[in-house]
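Today I opened a new structure and kept a few notes. I wanted to start with one of its pockets and follow the trail from there.

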Amino acid sequence: MATGRSGLEKPGHHLQVSTMSAPTSNTLDVLARLADVIESRKGGDPDKSYVARLFHKGTDTILKKVGEEATEAVIAAKDMAAHASDANRKALVGELADLWFHSMVAMSHLGLSPQDVVAELARREGLSGLEEFASRTAK
């Protein structure tokens, strides 16, 4: 399941996004840096960059990959729920990272950014989940 390949550029080479480089890094910084790297792959050589290859193949391929990663995350979560262990935790975190990464590729492809999603989460902050859902279904 967990391939550890999110961001794979060539076999054995991963995108480098480190939270260790700056002591003040936070989650938004990491997402912004990763979004910049993903954006920089648009128009890149699909033979040299995994992300450029996804962009080159287009919407259906990107969204299929998001779906595959979502399914793998669900399976890993079920494994973790059935048997909590360090190995299953690591596998779940890896699958969720793959899902986030490929979701970010999809966002970039569709003209969105992590900031758009964070802004929506901020808008929902403090709302009852039931109230927020009701506001979406009432439209």
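Entry 1. I looked up the second largest pocket and found its lining: Thr27, Leu31, Trp100, Ser103, Met104, Met107, Pro114, Val117, Val118 and Leu121. The elements that each give two or more residues to this lining are α1, α4 and α5. A pocket here is an open set of points on a 1 Å grid over the protein atoms alone, where a 1.4 Å probe fits, with protein on both sides within 12 Å along at least five of seven lines; lining residues have an atom within 4 Å of a point. I noted a volume of about 200 Å³ for the second largest pocket, meaning the space filled by probe spheres set on the points.

Entry 2. A note to myself on the source: this is a predicted model, where local features need pLDDT of at least 70 and side-chain atom pairs count only at pLDDT 80 or more, while totals for chains, interfaces and linings use all residues. Residues are numbered from 1 along each chain, and side-chain values use heavy atoms, without hydrogens and water.

Entry 3. Next I turned to α1, residues 27–40 (helices are DSSP runs of H or I, at least four residues, numbered from the N terminus). Which residues of α1 are buried? I found Val30, Leu31, Leu34, Ala35, Val37 and Ile38 (buried means under 20% relative accessible area with a 1.4 Å probe, protein chains only). Seen down the axis of α1, they fall within an arc of 160 degrees (taken from the directions from the axis to the C-beta atoms), so they line one face of the helix. Their cover includes α2, α4 and α5.

Terms used: Expected span 1.5 Å × (residues − 1). Buried < 20%, exposed > 50% of the residue type's maximum accessible area, 1.4 Å probe, protein only. Contact = heavy atoms within 4.5 Å.
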